[in-house]
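Reader: Hi! Could you take me through one part of this model in some detail? I would like to look closely at how its charged side chains pair up.

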Amino acid sequence: MPTPPNHSQIDPKDVQGLVRFGYKTLTEGCYLLLRIRNAAAARAWCAVAPVATSEFMDHPPDVALQVAFTSAGLRALGLPGDVLEGFSDEFLAGLADDENRSKRLGDVGASAPESWQWGSPANIPDVLVMLFAVPGRLAGWRDMLQTDAWKAAFDLMHCLDTSDMGGHEPFGFVDGVSQPAIDWEGARNSGASQIQYSNLVSAGEFLLGYLNEYGKYTDRPLMDSSDAKAAELLPALDVPAKKDLGRNGTFVVLRTLEQDVRGFWRFLDRQTQSNAAERQQLGQRMVGRTMDGDPLVQESAAPIEGIPSGPQSDSNRFTFDQDPSGTRCPFGGHVRRANPRNGDFPNKPGWLLPRLWSMLGFSSLGMRTDIMASTRFHRILRRGREYGTPLTPAQAVESAPADDAPRGLQFLCINANISRQFEFIQNAWLMSTKFDGLAGESDPLLGNRTAIGDGLTTDAFTIPREQGVRTCIEGLPQFVRVRGGAYFFLPSVSALRYLSRIGD
Amino acid sequence: MTSQSSLMVAARVNRGSIGPLRALLATMNRAPGQADPDNPLVPFGKLANLHFSRFVVLDDQTLNDITLYGLPRKEYPVYLAFLCDFDGGVASFLNDLLDCASPGLRQIFSLCEDFTASTDLRRWIRRHNLPIATSYVNWPGRTMKQVREEALLHQAIAAYLNANSNQLAGQPDHQVWAQVRQFVAGETGAGRLTLTPPAPTRPLTALGNLFHLVGAGLLIVLLGPLVLLLVIFIIRREETTAPVYAPRLDLEAQQKLSVLEDHEFTNQFSAMGSLKPGLARRWVISYILWLIEWTARHLYTKGRLARVRTIHFARWVFLDNKRRILFASNYDGSLDSYMDDFINKVGFGLNVVFSNGVGYPRTRWLLADGASDEQKFKYFLRRHELPTDVWYNARPSTTAVELERNSRIRRGLEATGLSKAEAREWVQLL
């Protein structure tokens with residue numbers, strides 16, 4: 001097979017910082033959802049926007065700004081239609097514009113776009129500006145940014161505030177433990193089979209313009225080099241004669257997920273007759289981790305590619321191979337649904353004949369073996385932030401004050417192919433009522449509990465036991481409600497510069 | 001065992017009748033593309049042996065693609081296709097079908113070219129029933145009756161377990177097995193559950209199968225080297241230059257297809273296209289479909305087509321003197337996840353068949369690459385997809401994996417004794 005040109009280096013100065021950094025020390029943050037008031041002014045702002053990049057610095061910055069656009073936003077900015085069409089269908093259609101997509105993603109009932117606070121078809125922002133800052137700096141900095149030029153360019157539709165819950169999500173569990181490691185150096189042989197689960201993922205899964213896990217370049221808008229405005233864009237690595245609007249850019253999925261933290265812990269409390277230890281244990285089974293973030297399964301004896309050795313990664317060094325019957329981490333546990341952590345073949349065939357045997361399907365005749373495989377094609381980088389005030393489980397089961405404000409997650413993920421990454425995970429794994437041979441249940445945290453077909457309920461949660469019958473918990477209420485969301489393009493620095501000049 | 005058979009009636013439709021035909025077909029639906037089981041034209045729900053059925057207008061939008069080879073566009077007729085997958089033989093199914101749907105079928109088929117008020121419906125259907133090149137049945141022998149009985153069995157057991165969860169908690173596997181077995185015996189004794197034993201295989205069917213296993217198997221082995229030569233000397237050279245044409249379908253057309261999907265867990269897929277020109281291609285695909293047919297009949301009979309566990313029924317049918325081909329399947333999940341499952345698990349299997357179609361992403365030695373150009377492959381398939389006007393599924397929202405689970409539960413109950421490991425495995429099914 002002819003090896004496609006490999007990227008020897010990705011210029012971090014051209015990549016927005018969020019792809020590489022979570023900006024964890026910048027604990028203050030907000031997401032500004034903007035409408036373009038004046039295209040020329042918006043372009044002028046793009047030319048000077050102080051965007052933080054992925055370049056490593058001795059000290060993390062005090063403030064960081066990131067900017068992304070919906071397809072409506074790119075159109076409003078003046079991007080020609082034929083260029084825009086080079087973006088993926090799901091980006092063009094948007095998160096909420098297609099009933100069928102909403103159905104697939106589970107955005108129905110109480111989570112249906114019609115009731116969203118932002119992002120419903122009539123309410124789609126053009127621009128997303130993300131601001132992160134060290135404690136005490138956000139408000140002042142945000143004011144500073146609202147220059148006359150800004151005000152001429154944008155109308156503020158919505159400001160999504162965030163809060164710092166110290167690395168925990170609102171239900172109280174340590175979050176963000178499992179993240180794919182991006183292959184910045186191009187060390188992975190993209191496109192080759194992966195026998196073992198690997199956490200190192202081709203750069204093309206998270207950045208446009210580079211080889212993805214299939215060893216291909218994900219489609220994105222390419223432009224003729226003759227277009228003078230495109231001069232500043234980088235060339236496409238697969239078609240050097242073309243300029244690549246996507247290169248070093250990627251897609252951002254932002255969703256406001258309101259979490260009924262009180263409902264969650266109260267439900268668990270009822271299920272366990274208010275036994276605090278059991279209550280926590282049941283919650284941990286649903287999440288698939290302890291509240292401190294430790295996995296429920298044993299640490300993998302062998303190293304896992306893309307997970308550093310050393311104690312700081314202990315809670316991520318596992319697969320579910322150690323737990324084939326789900327007695328430690330239930331099949332339906334949230335982290336198991338979100339990333340089943342498997343390689344390309346069942347039984348990990350070492351050499352040619354067993355591999356052939358495996359390919360032909362003769363090595364996986366067990367009830368659950370090989371229902372799904374190849375998780376490497378379905379990974380996302382999560383960069384979400386919480387909002388609202390935290391609650392401990394004990395506080396959550398007490399009666400709520402009259403002015404109890406909503407809390408939840410501004411879920412944000414990064415991927416180069418929204419349909420194969422975010423949408424697949426959401427549809428085929430998390431919200432699926434048939435995930436991994438299960439039936440009658442979807443994600444214990446995220447599920448919308450909507451009956452399917454002719455009234456089959458989906459509100460159960462099954463906990464397999466090492467001996468005897470599984471425990472089946474029925475009647476799970478909906479704990480998470482989608483309140484808004486959209487798909488954005490996160491351009492590279494050079495693409496942002498190009499966008500600032502499309503009106504010239 | 002009762003074998004599954006299928007029917008595919010294909011009859012020409014006048015271009016002018018396509019609109020009225022689609023409008024008529026739409027009256028059979030309760031949601032876009034979803035048949036109402038009680039619709040007055042073809043009340044599918046009354047056909048106890050029917051697994052899946054569909055009406056699809058075979059109006060190929062890709063006929064221009066052959067011009068990539070410098071050949072002139074060839075006009076082909078538009079067909080109305082009516083597909084059914086059912087238990088038992090064609091004759092008895094036709095009896096049932098005509099008993100409950102004759103007037104409706106006459107009304108539908110009257111929009112086909114050669115159907116008049118005086119046409120003998122049964123003979124007309126027989127005459128228009130196309131031979132199937134390859135058919136795949138998830139679990140040959142599993143009848144609708146069995147599917148229904150085993151689903152009720154699973155439901156009853158689940159309800160029993162939940163009602164007795166306190167008493168059962170902590171009981172060892174064997175005890176659980178014995179107790180459930182006793183419960184089921186009580187239920188069947190009281191007539192609340194029925195588990196009909198499988199019908200004996202008819203001697204003629206068994207003989208036919210054996211003959212196919214050996215005869216077709218031998219022929220496949222003997223012809224293998226010849227096909228290999230074709231691949232080495234003709235296909236390999238051809239595939240390096242064959243035009244690839246897999247543009248993305250425009251959003252609007254895409255959404256027209258997707259409104260017909262995701263109403264329940266199982267979905268339909270219909271696609272058609274022209275074969276690459278040349279006899280070599282036609283011989284190779286004929287051989288390969290024959291080989292797949294053989295493996296589907298003798299090897300992949302237990303819920304898996306190679307590694308794929310999401311197909312209920314699927315088939316390939318040649319049209320127009322093997323110039324064109326139709327693929328129709330009934331599968332679990334959304335189309336994107338179905339395609340991902342295929343690409344990642346059996347990309348080589350997709351390549352050996354679909355790469356014989358005009359425009360398919362470039363393959364290497366017929367087996368490699370192709371589908372692993374994931375986006376192009378998906379565009380190619382979407383572009384060749386046909387809107388399935390009417391689709392009926394007799395076991396809505398039940399995946400093939402669940403059907404297998406139910407059968408395994410039953411098998412465990414019918415065993416006279418289980419080892420410790422078997423008992424563990426059985427209890428985990430519940």
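Author: Happy to! In this predicted model, a network of salt bridges links Glu205(A), Arg420(A), Asp340(B), Glu374(B) and Lys378(B). Within that network, Glu205(A) and Arg420(A) form a salt bridge whose closest N and O atoms are 3.0 Å apart. This pair links distant parts of chain A: Glu205(A) is in the loop between strand E6 (200–202) and strand E7 (222–224), while Arg420(A) belongs to helix H13 (residues 419–430), 215 residues apart from its partner. Glu205(A) and Arg420(A) are both buried.

As for the background, side chains of opposite charge can pair when their charged atoms come close. Over all chains, the structure holds 53 salt bridges, and two others are worth setting beside the network.

One is in chain B, where the side chains of Glu261(B) and Arg382(B) meet in a salt bridge with an N to O distance of 3.0 Å. Glu261(B) lies in the loop between helix H8 (251–258) and strand E7 (266–274) of chain B and Arg382(B) in helix H11 (residues 374–384), so this pair ties together parts that are 121 residues apart in sequence. Glu261(B) is buried, and Arg382(B) is buried too.

The other is in chain A, between the side chains of Arg137(A) and Asp62(A), at 3.4 Å from N to O. Here, too, distant parts of the chain are linked: Arg137(A) sits in the loop between strand E3 (127–133) and helix H6 (138–145), and Asp62(A) in the loop between helix H1 (39–48) and strand E2 (63–69), with the two positions 75 residues apart in the numbering. Arg137(A) counts as partly exposed because its relative accessibility is 37%, and Asp62(A) also counts as partly exposed, at 40%.

Back in chain B, Thr62(B) makes a useful stop. Thr62(B) is in the loop between strand E4 (50–58) and strand E5 (78–87). Leaving aside residues up to four places away in sequence, Thr62(B) touches Met272(B), Gly273(B), Arg383(B) and His384(B). With a relative accessible area of 3%, under the 20% cut-off, Thr62(B) is therefore buried.

For a contrast with the charged pairs, turn to a nonpolar surface patch of about 950 Å², whose members include Leu219(B), Leu222(B), Phe233(B) and Trp365(B). Leu229(B) is also one of the residues that make this patch. Leu229(B) is found in helix H7 (residues 203–241) of chain B, and its relative accessible area of 44% is why Leu229(B) counts as partly exposed.

Key. Residues numbered from 1 in each chain as written. Chains lettered and ligands numbered in written order. Predicted model: local features only at pLDDT ≥ 70, side-chain atom pairs only at ≥ 80, totals over all residues. Heavy atoms only, no water. Helix = DSSP H or I, 4+ residues; strand = E, 2+ residues; numbered from the N terminus. Buried < 20%, exposed > 50% of the residue type's maximum accessible area, 1.4 Å probe, protein only. Contact = heavy atoms within 4.5 Å. Salt bridge = Lys/Arg side-chain N within 4 Å of Asp/Glu carboxyl O. Patch = residues over 30% accessible without salt bridge, like charges linked within 9 Å, V, L, I, M, F, W, Y side chains within 5 Å. Areas by Shrake-Rupley, 256 points an atom, 1.4 Å probe, with all protein chains shown as cover.
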